[in-house]
Amino acid sequence: MIAALLPPPAALGMPEKFDRWRPGQAEAVLRALDSPKRFVVLGMPTGFGKSLAYMAASVLGDEPTVFLTSTKGLQTQLVTDFGPSGLVDIRGMNNYPCKEANANGRLFGRENPVACDEGPCLAGWKCHLADGGCDYFDAQKLAKSSRLTVTNYAYWMAVNGQFRGQADDNSARPLGKRGRLVLDEAHASVDELGDYLAVEIGHWEIEGVLGRNFPESQAMEGWRTWARHLASECEQHHERLGNEIRLGVSNNRRSLSRLRELRDLGRRLDAIAKTSGQDWVMEEARDRRGRRVVRFDPVWPGAYAESSLFLNVPKVVLTSATIRPKTLELLGVPEGSYEFLEYPSSFDVHLRPFIWVPTVRARHDMDPSHARMWVAKIDAILRTRGDRKGIIHTVSYARRDYVLRYSEFARHMLTHDTGGIQRTVEAFRESGPGTVLLSPSVGTGFDFPGADCRFQIIGKVPFPDSRSKVLQARQERDPDFFAYVTAQNLVQMAGRGMRSADDWCETIVIDDNWQWFSTKYKSFMPQWFREAWQKSVNVPPPLQLTARSR
Ligand code: SF4
């Protein structure tokens, strides 16, 4: 009925392939447009067609809109689909080649192409392309003047962060005055905000770039004083090198990279110096290359959501399959200022069962008899599913190792260490029936449609790592914090193998923590997911029987 109130999507300028509204889409468009609240939350499951809904609402709403995605892949997907409808893409400077430096190899070297984030104009070099002809600055100008712009969370916050406090009405900001902000994958916005605010400094940077010793651990106030001092030192180095580049004394590829290093380090030190209050946590960690770093995180990123993410934009639409009211609480959005709408899944619930098979409570210190029972249950599930591919989510490498050691099906398993995940996932996709992907880390960020995954085993309810100091601090503040993160992880995990209406995939959880967790925290999981829950005392027959009978 509501769909009849709107012309078909194509008549609104949407691509021809969207020839009609799917169930619920037209209502979502109208609610996003008409809600009296500043924040509209659209809980739309996979398969709903959320991008068409929020794009159509933005076209009808007539306000300049920015869409934020959490990955560049999603950003590219949106531009592919809606570029012909006027959507313009902008991303960080490192995604665009610097024509000036690359054409001027005599000065800047020819070894590696220079990206715009190392462009000599950032050192004050007069580049004739800055006002027209530079890929990055041209893209930014186009994005600023466009009514529909897509970018990623990181770029939106970084590019506006440089101008924080200068333009409250957001008209002078690099992407212009915006009437509407759409957060895609909005369940990830809390982490995106936290990652943007977090500051990581490597020991090697202080020792190698600035030639200083890295200090011992100290109280937050001590770190601020340290950072203030080094930020100004960094600025002096930056200015000196910038002058050398500008005057032609030091023009080479290495100088441009060093200038960028100094600029980045200076910004991070400045960010530490400007933190306020005791609500920051510092912890020692290792970066992806195993080098020592210190990381500073705000305990409560939501306190900075307005100043870093929402930026006084009058209307904010949040869309996600897994978003909950708790997400809004973590973003610091007051209860009365948002409307929360939740839509049903169009995927047949019988084709995506989520089955708890009572086994044992999976713990990191399970006694050997329980651990053997746990692996025996995995093997019992695999024994009846040798004709298809599936995934075992182990949640930790220690549990992965245990399965590899004791499962009778270990020879059919593909697994990886921290560095080789992408390669292993590709090998799994190319493998034949009977292959099992054994992994602690494909619960989000990877999709396994169709025959790539017909069953999943969740070996452990994915509670967050309680050794992290910042997560501990958040849990101390909010006793439901760990449960919320766990619920998000679970819903994401269960969705990896069910990607379209004609897909099918069963998920079997063998951790008995599921029993109390699902009872106590069911409100942290969306209705479309809850309706798929089942319990089976024995290992259920493989889903294919059900699918064939349809
Ligand atoms: S404006 Fe800057 S980034 Fe762009 S081409 Fe010129 S030097 Fe490179």
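Start with the open sheet: select its seven strands, and going across you meet them in the order β13-β14-β12-β15-β16-β11-β17, with parallel pairing. Strands here are DSSP runs of E with at least two residues, helices are runs of H or I with at least four, and both are numbered from the N terminus. Two strands pair if DSSP finds at least two bridges between them. Now colour β13 (413-414) and β17 (533-535): these stand at the edges with a single partner strand each, so one side of each has no neighbour in the sheet.

Before you click on, a note on what's loaded: this is a predicted model, where local features need pLDDT of at least 70 and side-chain atom pairs count only at pLDDT 80 or more, while totals for chains, interfaces and linings use all residues. Residues are numbered from 1 along each chain as its sequence is written, and side-chain values use heavy atoms, with hydrogens and water left out.

**Next: β12 and β14**

Stay in the sheet and select β12 with β14 (residues 436-439); they pair in the parallel sense over four bridges. One spot to zoom in on is I392, whose bridge partner in β14 is L438. Strands of a sheet generally pair through backbone hydrogen bonds, either parallel or antiparallel.

**Then: V395**

Follow the chain to V395, in the loop between β12 (390-393) and α15 (397-406). Is V395 buried, exposed or partly exposed? With a relative accessible area of 25%, V395 is partly exposed; buried means under 20%, exposed over 50%, and partly exposed in between, using a 1.4 Å probe and protein chains only. Leaving out residues up to four places away in sequence, V395 touches S439, P440, K460, P462 and M493, where contact means heavy atoms within 4.5 Å. For a distance to check in the viewer, pick the C-alpha atoms of V395 and F455: they are 17 Å apart, with the two positions 60 residues apart along the chain.

**Over to β9**

Select residues 315-320, strand β9: six of its six residues are buried. Which residues cover each face? K315, V317 and T319 are on one side, V316, L318 and S320 on the other, and all are buried. Bring in strand β1 (residues 39-43), which runs parallel to β9 and is joined to it by five bridges. Here F39 stands opposite V316. Add strand β5 (residues 180-183), which pairs with β9 in the parallel sense over four bridges; V182 has V317 as its bridge partner.

**A lysine to look at: K326**

K326 lies in helix α13 (residues 325-330). K326 is buried, with a relative accessible area of 6%. Setting aside neighbours within four places in sequence, show D478, D480, Y484 and F524, which are in contact with K326.

**Zoom out**

With everything displayed, there are 21 helices and 17 strands in the protein. The radius of gyration is 26 Å, close to the 24 Å that the globule rule gives for 550 residues, so the protein is as compact as a globular protein of that length; the radius is taken over C-alpha atoms, and the rule is 2.2 Å times the number of residues to the power 0.38. Turn the C-alpha trace along its principal axes and it spans about 75 × 60 × 45 Å. Of the 550 residues, 55% count as buried. Among contacts between residues at least 6 apart in sequence, 75% join residues at least 24 apart.
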